[in-house]
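Q: I would like a close look at a single part of this model, with its side-chain contacts and surface described in some detail.

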Amino acid sequence: MIGKVDKIAETLDTPIPVTPIEKEFYEKLKIQFEELKQLEMQLENLMSRLGQKMELEDPTIKSKKELEALLKELEL
């Protein structure tokens with residue numbers, strides 16, 4: 001019987017809880033993964049917002065400043 005349950009679990013690619021404790025554990029784990037996905041989405045949204053703000057800066061100005069700093073270091 002256990003072998004059949006294991007085969008079914010392998011085809012579903014998820015563990016099948018056998019005891020009430022396991023069932024509760026997997027339910028809590030599923031909730032935590034859902035919360036983690038939500039946090040990841042929020043983080044991606046924040047990163048994209050920050051990325052947009054960073055893109056507003058003109059990259060040529062930054063490169064000019066870097067170039068000036070290098071020239072000062074080389075005393076040119």
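In which helix is Leu50 found, and what else can be said about that part of the chain?

A: Leu50 is found in helix α2, and since the model is a predicted one, the confidence in that helix is a sensible place to begin. Helix α2 covers residues 20-55 and has the highest confidence in the chain, at a mean of 84, whereas helix α3, residues 59-73, has the lowest, at a mean of 70. For the chain as a whole the mean pLDDT is 76, and 76% of the residues reach 70 or more.

The setting of helix α2 is simply described: the chain has three helices and zero strands, which follow one another along the sequence in the pattern α-α-α. Of the 76 residues, 1% count as buried, and the accessible surface comes to about 7,900 Å², with 62% of that area belonging to carbon and sulfur atoms.

Leu50 itself counts as partly exposed, because its relative accessibility of 46% lies between the limits of 20% for buried and 50% for exposed. Together with Leu43 and Met47, Leu50 makes a nonpolar surface patch of about 310 Å².

Helix α2 also holds Glu24 and Lys28, which are four residues apart and therefore separated by about one helical turn. Their side chains meet in a salt bridge, with a distance of 3.2 Å from N to O, which falls within the 4 Å that the criterion for such a bridge allows. A search of the whole structure finds one salt bridge. Glu24 has a relative accessibility of 42% and so counts as partly exposed.

The aromatic side chains can be treated in a similar way, given that a pair of rings is described by the distance of the centres and the angle of the planes. One aromatic pair is found in a search of the whole structure. It is formed by Phe25 and Tyr26, whose ring centres are 5.4 Å apart and whose planes stand at 65°, so the pair is edge-to-face; the angle required for that description is over 60 degrees. Phe25 is partly exposed, with a relative accessible area of 48%, and Tyr26 is likewise partly exposed, with a value of 30%.

Terms used:
Residues numbered from 1 in each chain as written. Predicted model: local features only at pLDDT ≥ 70, side-chain atom pairs only at ≥ 80, totals over all residues. Heavy atoms only, no water. pLDDT = per-residue confidence, 0-100. Helix = DSSP H or I, 4+ residues; strand = E, 2+ residues; numbered from the N terminus. Buried < 20%, exposed > 50% of the residue type's maximum accessible area, 1.4 Å probe, protein only. Areas by Shrake-Rupley, 256 points an atom, 1.4 Å probe, with all protein chains shown as cover. Phe/Tyr/Trp six-rings, centres within 6.5 Å; stacked < 30°, edge-to-face > 60°. Patch = residues over 30% accessible without salt bridge, like charges linked within 9 Å, V, L, I, M, F, W, Y side chains within 5 Å.
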